[in-house]
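Colleague: Please take me through one part of this model up close. I'd like the whole picture around it, in plain words.

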Amino acid sequence: MYEKTFPNKRFKHTLEFLKKHVSTSETILDLGVENPFSKIMKSEGFAVTNTTGEDLDKDQSVFSSQKTDVVTAFEIFEHLLNPYTILSEIKSDKIFISIPMRLWFSPAYRSKTDMWDRHYHEFEDWQLDWLLEKTGWKIIDREKWTNPVKKFGLRPLLRKFTNRYYIVYAEKIK
């Protein structure tokens, strides 16, 4: 996944945001198979369980079988066809979601060799907010940040000041 680059800035922001709202005594279900960031969470003392690669668009049974305090979905929802169903099925009281934001100057990402590495959705912030609201979640905190690249050209220039990532912490409305 990260053969040539490692998203240090994104991981740093995500970890700081998580630490601001979650204690290491809380259990976390991280959507997606074990990955470099879930390993970072574990090394920071968080009790993290990952999903096992099941297609969450078709199978949400993990939300009934895994009882955790928190669900994290870092860079996952853009790959799903139906995030509405998944958000509706989550039983945990807290959720953290980060997404790459839709960029007006760049097409949606699509790997030609890996069917799991494609973006079906590239959200604007208001779209994710609305999705959370419609599925019974209240946003408690949110942040955005840029992702500049060390290249020359118009798009690299735009990436210096256009927010690329959006992260939210929401709680289930009871």
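Modeller: Starting from the outside, the protein chain has an accessible surface of about 10000 Å², and 53% of that belongs to carbon and sulfur atoms (Shrake-Rupley method, 1.4 Å probe). This is a predicted model, so local features need pLDDT of at least 70 and side-chain atom pairs count only at pLDDT 80 or more, while totals for chains, interfaces and linings use all residues. Residues are numbered from 1 along each chain as its sequence is written, and side-chain values use heavy atoms, with hydrogens and water left out.

Now inside. The whole structure holds 1 cavity of 30 Å³ or more, meaning grid points (1 Å grid, protein atoms alone) where a 1.4 Å probe fits but cannot get out. About 30 Å³ of space lies in the largest cavity, counted as the space filled by probe spheres set on the points. Its lining residues, those with an atom within 4 Å of a point, include Thr68, Val71 and Ser92.

Let's zoom in on Ser92. It sits in the loop between helix H4 (83–89) and strand S4 (94–100); these are DSSP runs, H or I of at least four residues for helices and E of at least two for strands. Ser92 is buried at 6% relative accessible area, the cut-off being under 20% with a 1.4 Å probe and protein chains only. Beyond four places in sequence, Ser92 touches partners including Asp69, Trp137 and Lys172, where contact is heavy atoms within 4.5 Å. Thr68 is 24 residues from Ser92 in sequence, yet their C-alphas are 6.0 Å apart. The Ser92 side chain reaches the backbone oxygen of Thr68 at 2.8 Å.

Note on methods
On a 1 Å grid over the protein atoms alone, a cavity is a set of points where a 1.4 Å probe fits but cannot get out, and a pocket is an open set with protein on both sides within 12 Å along at least five of seven lines; lining residues have an atom within 4 Å of a point. Buried means under 20% relative accessible area, exposed over 50%, partly exposed in between (1.4 Å probe, protein chains only). A polar contact is a pair of N or O atoms within 3.5 Å; within protein, one must be able to donate a hydrogen and the other to accept it, and residues adjacent in sequence count only if both atoms are side-chain atoms.
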